[in-house]
Amino acid sequence: MEQKRVTPERITSLQPNEIFVFGSNLSGMHGGGAALLAYRQFGAIWGQGVGLQGQSYGIPTMQGGVETIRPYVDEFIEFAKQHPELTFLVTRIGCGIAGFTNEEISPLFEKAHDVENIVLPPNW
């Protein structure tokens, strides 16, 4: 399958309808990586680890293994389907501070390939 638009390596600004999707922790302590960028630039709320916050959307990745991330990814995909007016730019969630690989995380987003307003990292 040929991939449509892909998330840029570095996101420094967003259009009004774009949402920065980042890996978070359940307590919403956005202290590093993409979470810190989301907090500083895109409206992430300190203390909120899940869901839409400003122009960002947090998916917890620090609470255990890959199987603990899947329900949050599924919830995100459903949220995106309900908000077609927004475009969700998914970063390589879980592949930085959380320590997972692309090969571990990208299969969680398989259902996202059919959702027009979700933009995934290259080769996800």
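In this predicted model, the largest nonpolar core holds 24 residues. Ile59, Phe76, Ile105, Phe109 and Ile118 touch the most other members. Strand 1, strand 3, helix 2 and strand 4 each supply at least two residues of this core. Helix 2 gives the most, with 4 residues. Phe109 shows how the core is knitted together. Leaving out residues up to four places away in sequence, Phe109 touches Ile59, Val73, Phe76, Val90, Ile93, Leu120 and Trp124. There is also a second, separate core of 10 residues. Among its members are Leu14, Phe20, Ala38 and Val119.

Take helix 2 next. Helix 2 spans residues 70-82, 13 residues in all. From first C-alpha to last it reaches 19 Å, close to the 18 Å expected at 1.5 Å a residue. Which residues of helix 2 are buried? They are Val73, Phe76, Ile77 and Ala80. Seen down the axis of helix 2, these buried residues fall within an arc of 100°, so they line one face of the helix. The general geometry is familiar. An α-helix has 3.6 residues a turn, so residues three or four places apart point the same way. What does the buried side of helix 2 meet? Its buried residues pack against strand 1 (18-24), strand 3 (56-60), strand 4 (87-90) and strand 5 (118-119).

Now turn to the strands. Is strand 1 enclosed or open? 7 of the 7 residues of strand 1 are buried, so strand 1 is largely enclosed by the rest of the structure. In a regular strand the side chains alternate between the two faces of the sheet. Both faces of strand 1 are covered. Glu18, Phe20, Phe22 and Ser24 lie on one side, with Ile19, Val21 and Gly23 on the other, and all are buried.

Strand 1 has two pairings to follow. With strand 3 it runs parallel, joined by 5 bridges. One marker is Ser24, whose bridge partner in strand 3 is Pro60. With strand 4, strand 1 also pairs in the parallel sense, over 4 bridges. Here Phe20 has Leu89 of strand 4 as its bridge partner. Leu89 then leads onward. Its bridge partner in strand 5 is Val119. Strand 4 and strand 5 pair in the parallel sense over 2 bridges.

Strand 4 is buried on both sides too. Thr87 and Leu89 point one way from strand 4, Phe88 and Val90 the other way, and all are buried. Look at Thr87 in more detail. Its relative accessible area is 16%. The cut-off for buried is under 20%, so Thr87 counts as buried. Leaving aside residues up to four places away in sequence, Thr87 touches Arg5, Asn17, Glu18, Ile19, Asn117 and Val119.

The aromatic rings add another layer. The whole structure contains 9 aromatic pairs. One of them joins Phe20 and Phe42. The pair is tilted, at 5.0 Å centre to centre and 40° between the planes. It links distant parts of the chain, 22 residues apart. Phe20 sits in strand 1, and Phe42 in the loop between helix 1 and strand 2 (51-53). Both rings belong to buried residues. Phe20 has a relative accessible area of 2%, and Phe42 is at 6%. Elsewhere, Tyr57, Phe76, Phe79, Phe88, Phe109 and Trp124 form one aromatic cluster. Phe76 and Phe109 were met before, as two of the residues that touch the most other members of the largest nonpolar core.

Helix 1 covers residues 33-41 and includes Ala35. Ala35 counts as buried, at 6% relative accessibility. Apart from its neighbours within four places in sequence, Ala35 is in contact with Phe22, Gly23 and His30. Phe22 and Gly23 lie on opposite sides of strand 1. For a sense of scale, compare Ala35 with Lys111. They are 76 residues apart along the chain, and their C-alpha atoms are separated by 24 Å.

Finish in the segment after strand 5, where Asn123 is found. Is Asn123 buried or exposed? Asn123 is exposed, with a relative accessible area of 73%. Its backbone deserves a look as well. Asn123 has a positive phi of about 65°, although it is not a glycine.

Methods. Residues numbered from 1 in each chain as written. Predicted model: local features only at pLDDT ≥ 70, side-chain atom pairs only at ≥ 80, totals over all residues. Heavy atoms only, no water. Expected span 1.5 Å × (residues − 1). Buried < 20%, exposed > 50% of the residue type's maximum accessible area, 1.4 Å probe, protein only. Arc of directions from axis to C-beta. Contact = heavy atoms within 4.5 Å. Core = buried A, V, L, I, M, F, W, Y, C linked by side-chain atoms within 4.5 Å. Pairing = 2+ DSSP bridges. Phe/Tyr/Trp six-rings, centres within 6.5 Å; stacked < 30°, edge-to-face > 60°.
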